[in-house]
Amino acid sequence: MASVGIHDVRKSFGPVEIIHGVDISIEDGEFVILVGPSGCGKSTLLRMIAGLEKITSGEISIGERVVNQMPPKERDIAMVFQNYALYPHMTVSENMAFSLRLRRTENAIVTERVHIAAEILGLMPLLDRYPRQLSGGQRQRVAMGRAIVRDPQVFLFDEPLSNLDAKLRVQMRTEIKELHQRLRTTTVYVTHDQIEAMTMADKIVVMHDGIVEQIGAPLDLYDNPANRFVAGFIGSPAMNFMSGHITGANGSARLRTEGGIDLPLGASAPAASDGRPAVYGVRPEHFVLSDEGAEASVVVVEPTGSEIQVVADMGGDHIVAVFRERHDLKPGQKIHLQPNPELVHLFDSDNGQRL
């Protein structure tokens, strides 16, 4: 196992720079997830760690070694891809053993490592099957087993669950997390799915347009987003945003939205900011039905079983509220929603930074 250091790394394709001076420190044994929308540079950064993409400037280190000029095979990493990349003419056992065969590893060691990985991943009954005889989840486990037998310093996962159905994704999330807890191998995992990031990571790196927006533990990012982008990206359903002006900042602070709705502020109101434009952010689960709340009109009711999601119009802003209780709400019905003032966030109207 080893730490991974990424220091002022940049990547350009011709005159276009797509990675803008990224700095990330990944501790030995840590499970770090790079998350962000398509095109943010997360997969490119992972490929640079693997050596599959050259860096334009900066430094990448694995353990004590700077690996900028080192070919992938010498970096002591193992990568699991989105498309499994299994050899169709080889059995599960042969696929898992392939990298060791290339190294001319002794047969006894190869057999031992394959069986250990197969035991960990529940693949022992499938060792003699071919990839075409496996389900999607089983193929992904074989791809993971092929990485495990190499006993690398670092595991790299590039959106490994994207091709699986929803139920299997949930199962595989648990299996990958459990695998990491057992092996404690340093892991860098790329996904665009913030639910995967929240449920699996020790540390999340949120990327956007080639820069790092925020780094932190999952709940730290959820509770204390650095800016509006992170607040809107982390959490499902996403945080609600309403633009307006702060009023009465030195007394009973509120934000008056552009639609004329007054929303309460707690300690989040900055001092001496009366009249300042701002964006009010509140998560869907932080609304309650209350006669003291702001009036809203129900647009859509979405029951999910464990909760009810309500899309409502509040002074011209479409917002989402989530309730654990089973309220009998109908489209067009008038309700009153009260946000918890101590759990709201204020963001600068111009740069999006949290106030």
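**View 1. Strand β6, with side chains going both ways.** In β6, Ile 77 and Met 79 point to one side while Ala 78 and Val 80 point to the other, and all of them are buried. Keep in mind that this is a predicted model. Next door is strand β7 (residues 154–158), which runs parallel to β6 and is joined to it by four bridges. To find your way across the pair, look for Ala 78, which stands opposite Phe 155 in β7.

**View 2. The largest pocket.** Here we're looking into about 410 Å³ of space. There are 17 lining residues, and those closest to the pocket centre are Met 79, Phe 81, Ser 99, Arg 146 and Arg 150. Three elements each give two or more residues to the lining: β6 (77–80), α2 (92–102) and α4 (136–148). As for the chemistry, the lining comes out as 13 nonpolar, one polar and three charged residues. Met 79 turns up again here, having already appeared as one of the buried residues of β6.

**View 3. Helix α4, mostly under cover.** With 11 of its 13 residues buried, α4 is a mostly covered helix. The buried set is Gly 137, Gln 138, Gln 140, Arg 141, Val 142, Ala 143, Met 144, Gly 145, Arg 146, Ala 147 and Ile 148. Does the length add up, and what should 13 residues span? At 1.5 Å a residue they should cover 18 Å, and the end C-alpha atoms of α4 sit 19 Å apart, so the two agree.

**View 4. The second largest pocket.** This one holds about 190 Å³ of space. Its lining is made up of Arg 113, Ile 116, Ala 117, Ile 120, Ile 148, Val 149, Asp 151, Pro 152, Phe 155, Leu 183 and Thr 185. Which helix gives the largest share of that lining? It's α3 (residues 107–121), with four residues. Sorted by class, the lining has eight nonpolar, one polar and two charged residues. Two residues from earlier views come back here: Phe 155 of the lining is the β7 residue opposite Ala 78, and Ile 148 of the lining is among the buried residues of α4.

**View 5. Helix α1 and the glycine after it.** Helix α1 (residues 42–50) is mostly covered too, with seven of its nine residues buried. Those are Lys 42, Thr 44, Leu 45, Leu 46, Met 48, Ile 49 and Ala 50. Just past the end of α1, check the backbone at Gly 51, where phi is positive at about 90°.

**View 6. A five-stranded open sheet.** Read across, the strand order is β13-β12-β11-β14-β19, with antiparallel pairing. The edges are β13 (262–264) and β19 (345–348), each of which pairs on one side only. On average, neighbouring strands of this sheet are turned by 45° against each other, direction ignored. Zooming in on one edge, strand β12 (residues 254–257) and β13 run antiparallel and are joined by three bridges. In that pair, Leu 255 stands opposite Leu 263 in β13.

**View 7. Val 311 in strand β16.** Val 311 belongs to strand β16 (residues 308–314). Is Val 311 buried or exposed? With a relative accessible area of 18%, Val 311 is buried, since the cut-off for that is under 20%. Look across to Val 301 as well: the two valines are 10 residues apart along the chain, with their C-alpha atoms separated by 6.4 Å.

Methods: Residues numbered from 1 in each chain as written. Predicted model: local features only at pLDDT ≥ 70, side-chain atom pairs only at ≥ 80, totals over all residues. Heavy atoms only, no water. 1 Å grid on protein atoms, 1.4 Å probe; cavity = no way out; pocket = protein on both sides within 12 Å on 5 of 7 lines; lining within 4 Å. Points joined across faces, edges and corners; volume = space filled by probe spheres on them. Nonpolar A, V, L, I, M, F, W, Y, C, P; charged D, E, K, R; others polar. Buried < 20%, exposed > 50% of the residue type's maximum accessible area, 1.4 Å probe, protein only. Pairing = 2+ DSSP bridges. Axes fitted to C-alpha atoms, helices over the stretch in contact; angles between N-to-C directions. Expected span 1.5 Å × (residues − 1).
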